[in-house]
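Q: Please take a close look at the helix packing for me, one contact after another. I would also like to know how that part sits within the chain as a whole.

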Amino acid sequence: MDSITHTLFGLAIYGSIDKKDMGKSKKRAYLLTALGASQIPDIDVVSRFWDSEGLYQMWHRGITHSLFLTPIWAALFILLSYLLFNVKDLKLFFLGWLAVLIHDTSDLFNAWGTGYLEPFSSIRISFGTIPIIDFVFLSIIGVAFIASRINKMKSSYYFKFAWAFIVLHVIVQSVQGWIIYNQYENEYDQIALSADFIPWTYNVITKNDSKVAIFQDNLFSDKKLQYELTSAENANLNNLFKERPEARTLYEWSPFVVIVDDGEKLGVYDPRFYRNGQSFLFEYIDRTQNN
């Protein structure tokens with residue numbers, strides 16, 4: 001998910017806690033833990049500063065999003081709460097652990113995926129059933145926030161209901177996505193799913209040999225072919241990988257890529273992010289500048 005959504009998740013976690021009997025320092029410790037732990041896995045963005053080999057795409061959402069690192073992140077916020085606010089409370093560990101688990105697990109459901117099982121497995125797990133910015137999430141949390149302002153005495157209940165609706169939304173979206181994915185399995189060698197911003201609507205990216213097709217589909221209408229692409233599967237990518245290390249990372253990171261070799265550009269792009277004639281995940285070398 002995007003940073004705004006993770007921040008709102010943290011606020012919704014904090015909002016679901018009954019704080020009537022808490023002092024100011026304890027409230028601050030709980031807020032720090034809920035918000036901080038909801039963001040901490042994305043600390044991997046700092047790796048951009050020392051990435052000299054084009055590996056950032058692989059590092060991002062890698063080990064910092066590992067299921068096995070979650071208790072360590074939670075323990076960090078126990079320490080910070082004590083150092084900053086002199087608060088000792090074991091519940092902060094479980095609060096932080098929950099917040100990190102929600103961050104890491106929610107990222108599994110969009111097209112980017114995570115290294116959820118690193119370092120024991122390098123597989124990038126991606127279900128593709130929730131868009132990276134989900135307006136249903138934002139709406140649910142927004143309604144809970146407004147309701148909590150109207151009736152502050154029941155504030156925590158509204159956010160608990162919000163979490164119930166968020167879980168229900170993920171289940172409904174994912175079941176529908178799974179059904180649609182299975183409808184393509186017998187026709188195509190490779191399939192990837194990417195949820196659209198419109199609820200219950202999905203982009204299904206398929207590949208047979210060098211032919212890539214992108215469909216928009218849902219359970220309530222016929223699928224629509226959006227794009228047909230051709231991948232230059234026989235192209236030699238050695239020079240591309242040598243001159244543009246990011247291309248090798250993208251090639252290994254993506255479920256499958258489209259290879260471009262048109263005489264002017266040699267490159268690879270991830271078709272899951274193909275919109276309006278281009279993918280924003282496109283790494284290439286310009287041959288016209290090398291001649």
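A: Helices here are DSSP runs of H or I with at least four residues, strands are E runs with at least two, and both are numbered from the N terminus. Counted that way, the protein chain of this predicted model has 10 helices and 9 strands. Its C-alpha atoms fill a box of roughly 70 × 45 × 30 Å along the principal axes. Of the 291 residues, 47% are buried. Among contacts with a separation of 6 or more, 54% are between residues 24 or more positions apart.

Let's start at helix H1, which covers residues 3–15. H1 packs on helix H7, residues 155–184, at an angle of about 130°, and the two axes are 8 Å apart. Angles of 35 to 65 or 115 to 145 degrees count as oblique, so H1 is oblique to H7. On the H1 side the meeting residues are Phe9, Ala12, Ile13 and Gly15, and on the H7 side they are Ser155, Ser156, Phe159, Trp163 and Ile166. By class, this contact of H1 with H7 holds 6 nonpolar and 3 polar residues, with no charged ones.

Two of those side chains deserve a second look. The structure holds 20 aromatic pairs, and one of them is formed by Phe9 and Trp163, whose rings are 5.4 Å apart centre to centre. There is an angle of 45° between the ring planes, and the pair is classed as tilted. Phe9 sits in H1 and Trp163 in H7, 154 residues apart, and the pair thereby links distant parts of the chain. Phe9 and Trp163 are both buried.

H1 also carries Thr5. What is the relative accessible area of Thr5? Thr5 has a value of 1%, and therefore counts as buried. Leaving aside residues up to four places away in sequence, Thr5 touches Ile132, Phe137 and Leu138. The C-alpha atom of Thr5 is also separated by 9.5 Å from that of His103, although the two residues are 98 apart along the chain.

His103 brings us to H5, as it is one of the H5 residues that make the contact with H2. Helix H2 (residues 24–39) and H5 pack at an angle of about 25°, with axes 7 Å apart. Because angles under 35 degrees count as roughly parallel, H2 and H5 are roughly parallel to each other. Their crossing is right-handed. From H2 the contact uses Ala29, Tyr30, Thr33, Ala34, Ala37, Ser38 and Gln39. From H5 it uses Lys91, Leu92, Leu95, Gly96, Ala99, Val100 and His103. Sorted by class, the contact of H2 with H5 comprises 8 nonpolar, 5 polar and 1 charged residues.

H5, residues 91–108, has another partner in helix H4, residues 70–85. The axes of H4 and H5 come within 8 Å and cross at roughly 135°. H4 and H5 are therefore oblique to each other, and H4 passes H5 in a right-handed crossing. H4 contributes Thr70, Pro71, Trp73, Ala74, Ala75, Ile78 and Ser81 to this contact. H5 contributes Leu92, Phe93, Gly96, Trp97, Val100, Leu101 and Asp104. The classes here come to 10 nonpolar, 3 polar and 1 charged residues. Leu92, Gly96 and Val100 of H5 take part in the contact with H4, and Leu92, Gly96 and Val100 are also listed in the contact with H2.

Following the chain out of H5, you reach the loop between H5 and helix H6 (135–150), where Pro119 is found. A cis peptide bond joins Glu118 and Pro119, with omega at about 5°.

Finally, a few features outside these helix contacts. Asp209 lies in the loop between strand E2 (202–208) and strand E3 (211–218). Asp209 has a positive phi of about 55° although it is not a glycine, and its 63% relative accessibility makes it exposed. Asn276 has a comparable entry: its phi is near 50°, a positive value in a residue other than glycine. Asn276 sits in the loop between strand E7 (274–275) and strand E8 (278–279), and at 72% relative accessibility it counts as exposed. There is also one aromatic cluster made of Tyr227, Tyr269, Tyr274, Phe282 and Tyr284.

How values were computed: Residues are numbered from 1 along each chain as its sequence is written. This is a predicted model: local features need pLDDT of at least 70, side-chain atom pairs count only at pLDDT 80 or more; totals for chains, interfaces and linings use all residues. Side-chain values use heavy atoms; hydrogens and water are left out. Axes are lines fitted to C-alpha atoms, for helices over the stretch in contact, and angles run from 0 to 180 degrees between N-to-C directions. Contact means heavy atoms within 4.5 Å. Ala, Val, Leu, Ile, Met, Phe, Trp, Tyr, Cys and Pro count as nonpolar, Asp, Glu, Lys and Arg as charged, and the others, Gly among them, as polar. A crossing is left-handed if the near helix is turned anticlockwise from the far one by less than a right angle, and right-handed if clockwise. Rings of Phe, Tyr and Trp (its six-membered ring) pair if their centres lie within 6.5 Å; planes under 30 degrees apart count as stacked, over 60 as edge-to-face and the rest as tilted. Buried means under 20% relative accessible area, exposed over 50%, partly exposed in between (1.4 Å probe, protein chains only).
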